[in-house]
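Good morning, colleagues. Please take a moment with the sequence and the model on the screen before I begin.

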Amino acid sequence: MNDKRFIEVSFPVKEVSEESAREKNIRHGHISTLHIWWARRPLAASRATSYAALIPAPENVEEWDKKRQFIINLSKWENSLNHSDIAKAKKDILSANGGRPPKVLDPFAGGGSIPLEALRLGCETYAGEYNPVAVLILKCTLEYPQKYGKPKVEKEGWFETKKNPLLEDVKRWGKWVLKEAKMEIGRFYPEDEDGSIPVGYIWARTIPCQNPSCGAEIPLMRQFWLAKKNNKKIALKLFVNNGKVVFEIAKNPDFDPAKGTVKGAIAKCLVCGSTVDANTTRRLFQQGKSGQRMVAVVLHNPRKKGKTYRIATDKDLEAYKEAEKYLEEKRAKLMDEWGIDPVPDEETPEGKGKGAERAFSVRNYGLNTYGDLFNSRQKLALITFTEKVRLSYQKMIEEDYDKEYAKAVVSYLG
Ligand SMILES: [Zn+2]
């Protein structure tokens with residue numbers, strides 16, 4: 001029996017590649033927004049290759065051309081929910097497999113693109129993964145929506161509306177978590193007087209200049225761009241004042257902001273002009289002699305478009321220090337309640353050996369635990385959200401939610 005499949009004979013590589021590249025700019029409704037996964041396959045390529053691997057090879061040129069066109073069309077993002085195209089694809093696959101849905105196994109399923117597309121095409125799909133983060137992503141992408149995401153008809157008087165209970169609950173509890181977190185830690189992100197909200201803080205790690213007659217603080221910044229759009233060019237400008245490096249915001253800079261104070265761990269002191277070699281820079285970090293400095297604040301005014309930038313003030317630093325104090329208090333409280341440190345104390349990869357671990361260099365800079373990768377206010381935000389998500393689960397149980405269902409809802413929130 002000739003079991004040759006379409007993909008073994010031909011495949012519209014160019015067209016499907018173009019669709020796959022285009023998909024990267026799509027955010028709304030795409031599984032990439034659920035959780036980052038580093039090598040998630042494009043849905044266009046996953047759908048097209050799955051289909052082409054499950055239908056027979058064409059018997060003549062006309063058939064080849066027709067199927068080829070259909071594959072190109074099927075791979076388009078806009079056709080993800082196109083009933084007639086998906087129904088035709090399902091029918092073709094079923095009839096090529098004796099009327100039974102074929103079994104598809106993806107043993108390295110990662111971000112879930114291939115099993116999602118195999119499901120869409122009506123296959124009996126199995127996904128496996130070794131990485132627990134990927135397993136959680138797969139549950140949220142494949143399992144829970146099928147188990148709990150079927151729309152239910154709700155009657156309100158004369159009106160009937162279809163609602164997806166899982167979607168409604170994720171929205172409801174997502175809002176609850178945000179509200180609770182804002183109430184507790186919102187004060188550590190104070191608004192400006194004009195109502196602008198901080199959306200980012202720009203920090204620089206620092207080391208002391210090693211020239212014994214200088215000793216100034218060297219802010220380590222690879223580059224100084226804040227905004228680099230055609231119609232909006234803003235950068236940080238550094239200058240020396242009383243033996244100290246100071247920053248200001250420069251619109252349409254008259255210098256090259258791409259040139260920073262550090263490259264490959266070699267740092268340059270702007271005060272005296274001497275350099276710190278890479279080994280010394282790393283040693284200073286490992287010995288805890290490095291510091292950090294809040295440089296600028298990125299703001300957004302809800303009544304205006306775009307972002308604005310200003311240099312950080314003492315008041316900004318005060319809010320940070322308050323957060324730092326509160327972190328210690330909250331960390332101790334949660335450690336007591338949970339029996340574990342809420343800030344991850346697991347060690348970061350050593351960055352040695354021959355495997356993928358070689359990619360990590362954080363240990364060179366004294367960042368020895370995962371908690372070390374975040375500053376105090378970031379840690380506070382992370383443990384607060386973790387706590388609120390855990391609390392939302394308890395609330396759901398108090399409201400008589402099914403335990404497995406509540407677990408599904410919090411999986412999206414976490
Ligand atoms: Zn110096």
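Let me start with one helix pair: the axes of helix 8 (residues 165-185) and helix 11 (residues 376-398) come within 9 Å and cross at roughly 135°. This is a predicted model, in which local features need pLDDT of at least 70 and side-chain atom pairs count only at pLDDT 80 or more, while totals for chains, interfaces and linings use all residues. Residues are numbered from 1 along each chain as its sequence is written, and side-chain values use heavy atoms, with hydrogens and water left out.

Helices (H or I, at least four residues) and strands (E, at least two) are DSSP runs numbered from the N terminus. Axes are lines fitted to C-alpha atoms, for helices over the stretch in contact, with angles from 0 to 180 degrees between N-to-C directions. Helix 8 and helix 11 are therefore oblique to each other; angles under 35 degrees count as roughly parallel, over 145 as roughly antiparallel, 65 to 115 as roughly perpendicular, and the rest as oblique.

Which residues of helix 8 meet helix 11? On the helix 8 side they include W173, W176 and I185, and among their partners in helix 11 are L380, F385 and M396, contact meaning heavy atoms within 4.5 Å.

I turn now to the metal. The zinc ion is coordinated by the SG atoms of C209, C214, C269 and C272, at 2.3 to 2.4 Å; donors are N, O and S atoms within 2.8 Å of the metal (3.2 Å for Na, K and Ca). Along the chain, these donors follow the spacing C-x4-C-x54-C-x2-C. C214, in the loop between strand 5 (197-208) and strand 6 (217-220), and C272, in the loop between strand 11 (266-268) and strand 12 (275-276), lie 58 residues apart.

Finally, helix 6 (residues 113-120) and helix 7 (residues 132-148) pack at about 25°, their axes 9 Å apart, and are therefore roughly parallel. P115, L116 and L119 of helix 6 contact L138, T141, L142 and Q146 of helix 7.
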